[in-house]
Amino acid sequence: MMQMGYAEKDWAGRPVIAIVNTWSDLNPCHAHFRQRAEDVKRGVLQAGGFPVELPALSLSETFVKPTTMLYRNLLALETEELLRSHPVDGAVLMGGCDKTTPGLIMGAISAGYPAIYLPAGPMLRGNWKGKVLGSGSDAWKYWDERRAGAISDRDWNDIECGIARSYGTCMTMGTASAMTAIAEAIGMTLPGASSIPAADSNHIRMSAECGRRAVEMVWADLTPSAILTRESFENAIVVAMAMGCSTNAVVHLIAMARRAGADISLDDFDRASRNTPVLANIRPSGERYLMEDFFYAGGLPALMERIRGRLHTAALTVNGRTLGENIAGAEVWNDDVIRDLDDPVYREGALAVLRGNLAPDGCVIKPSTCAARLLHHTGPALVFDDYPSMKAATDDEGLDVTADHVLVLRNAGPLGGPGMPEWGMLPLPKKLVKQGVRDMLRISDARMSGTSYGGCILHVAPESYVGGPLALLRSGDLVTVDVPARTIRMEVSDDELARRKAAWVQPPPRYERGYGWMFTRHVAQADRGCDFDFLESPFGAAVREPDIY
């Protein structure tokens, strides 16, 4: 420490706070984290601690190939070992871009040190020709308009310039905002922290407060094991449904809960969905508003106060108070942005879990963004084994396809992708786009961006790459989906499926060495959260701190 210019009085007797920073030059969501780390340090010093910044894997959703999901567990592993291997007493976790929230929290759970999460915050709302643009959602919308010839290349360039006007995460209710809201709901952030826009000066103040609170948590020995219970994860599921959350929230919440030893499954999501309406009128589930508007309307504390009766309000949070104490008195300032329970955006929750002979371990759909006609549907499958062939076919205006077809992409799951890429919002066939079709049923073992929308059935488990039933589906087979009944099936006899199974040959391995090799041998299926089997363990099986001689 003296080599770096510090004197003993800088650190002696002070809690050492690790600032785990996921900043990088290729992560626009975290472009402000260089400065925010300095704000955290200021707070740590004010509270009598000693701050040390530790860089971690950035996981930029827009730049990492083939998908950040391939590396979520690597960030979790790195976070755990960063904290365990360095002489630190507590941590501030700086994340926000989709996989950084679960990755950092999963690692902190397993490390067991006092930790507080600092969300990056959503970017400012977009603008183009006087229209409000939402990241992701409007990109998909206007891309189809471009394919249909309704807008020009110049229009598209202007949309790209106007859709992302500041640093910060997607300002729609995509995966980033869903996961930071979940981090707050499970008690890992300061009250209201997840709603603050990245460019707002409140975000700077919140960052400094995270530093101060991290020091206090060390003195109080307030670790994740005291905060994260089954009740806190149940709170997160209810909040996610009321927010109109991303489908990705299912995979990440299950993974975080399993790290904490909480028995959370797909059934918990579906049960909450049946009883929790969507109250946040935020795109893509909502029609008009974005996260900036949500903050002005009162943010997550105000929404949670509206559903107080559905929450475990005695759950502890990182500020040492209960969830109920944190949200008491929170007010909604715009009833159209955060709706009343008797005037919801959508009567049931954002997600539904379907099961049947096509997905015996479950799959997920977001009915709040799906055309109503597709909630009960039977149509012939049009099956693709890889993304390039699917893309080529959907761009072919001579493709034999109707709006009643069910587009299917397989070999895109945790092992097949690999990493379960966000390919699940399959592009509509250009032929149908030009006819005015804007939604149809699509099925895959992939994920989709939380900013996506439409009749997309995702996370089919078990995936096709390991021989799940999706691998046995053929073009022309009828597929029946009944969302209210929570069923999905292919109209193929058991005897025929058995014959197809006997003839099925597993695709070749995706990796022969390196991290990919380890990933493909240890990752769980989507219904179990896609964590590594050797990282899943309850608090009681924690690895002890290394000896220092």
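This is a short chat about a predicted model, covering some strands, a helix pair, one glutamine and the cysteines.

Biologist: Let's start with strand β10. Are its faces covered or open?

Modeller: Both faces of β10, residues 406–409, are covered. Val406 and Val408 are buried on one side. Leu407 and Leu409 are buried on the other.

Biologist: Which strand pairs with β10 over four bridges?

Modeller: That is β9, residues 376–384. The two pair in the parallel sense. Within that pairing, leucine 382 stands opposite leucine 407.

Biologist: And which strand pairs with β10 over three bridges?

Modeller: Strand β11, residues 442–444. That pairing is parallel too. Here leucine 409 of β10 faces serine 444 of β11.

Biologist: Switching to helices. How do α5 and α6 pack?

Modeller: Helix α5 covers residues 137–147 and helix α6 covers residues 153–163. They pack at an angle of about 175°, and their axes are 10 Å apart.

Biologist: So are they roughly parallel or antiparallel?

Modeller: Roughly antiparallel. Angles over 145 degrees count that way.

Biologist: Which residues make the contact?

Modeller: From α5, Asp138, Ala139, Tyr142, Trp143 and Arg146. From α6, Asp153, Trp156, Ile159 and Ile163.

Biologist: How many of those are nonpolar, polar or charged?

Modeller: The contact of α5 with α6 has six nonpolar residues and three charged ones. It has no polar residues.

Biologist: New topic. Where does glutamine 525 lie?

Modeller: In the segment after α19, which spans 514–522.

Biologist: Is glutamine 525 buried or exposed?

Modeller: Buried, because its relative accessible area is 16% and the cut-off for buried is under 20%.

Biologist: What is glutamine 525 in contact with, leaving aside neighbours within four places in sequence?

Modeller: Glutamine 525 is in contact with Pro414, Leu415, Pro462, Glu463, Val466 and Cys530.

Biologist: Cys530 is a cysteine, then. How many disulfides does the structure hold?

Modeller: Zero.

Biologist: Why is there no bond for cysteine 530?

Modeller: Because the closest cysteine sulfur, in cysteine 363, is 14 Å from the sulfur of cysteine 530. That is too far for a bond. A disulfide needs the sulfurs within 2.5 Å.

Biologist: What about cysteine 363? Which cysteine has the closest sulfur?

Modeller: Cysteine 456. Its sulfur is 12 Å from that of cysteine 363, so that is also too far for a bond.

Biologist: Are cysteine 363 and cysteine 530 buried or exposed?

Modeller: Cysteine 363 is buried, with a relative accessible area of 1%. Cysteine 530 is buried as well, at 4%.

Terms used:
Residues are numbered from 1 along each chain as its sequence is written. This is a predicted model: local features need pLDDT of at least 70, side-chain atom pairs count only at pLDDT 80 or more; totals for chains, interfaces and linings use all residues. Side-chain values use heavy atoms; hydrogens and water are left out. Buried means under 20% relative accessible area, exposed over 50%, partly exposed in between (1.4 Å probe, protein chains only). Two strands pair if DSSP finds at least two bridges between them. Axes are lines fitted to C-alpha atoms, for helices over the stretch in contact, and angles run from 0 to 180 degrees between N-to-C directions. Angles under 35 degrees count as roughly parallel, over 145 as roughly antiparallel, 65 to 115 as roughly perpendicular and the rest as oblique. Contact means heavy atoms within 4.5 Å. Ala, Val, Leu, Ile, Met, Phe, Trp, Tyr, Cys and Pro count as nonpolar, Asp, Glu, Lys and Arg as charged, and the others, Gly among them, as polar.
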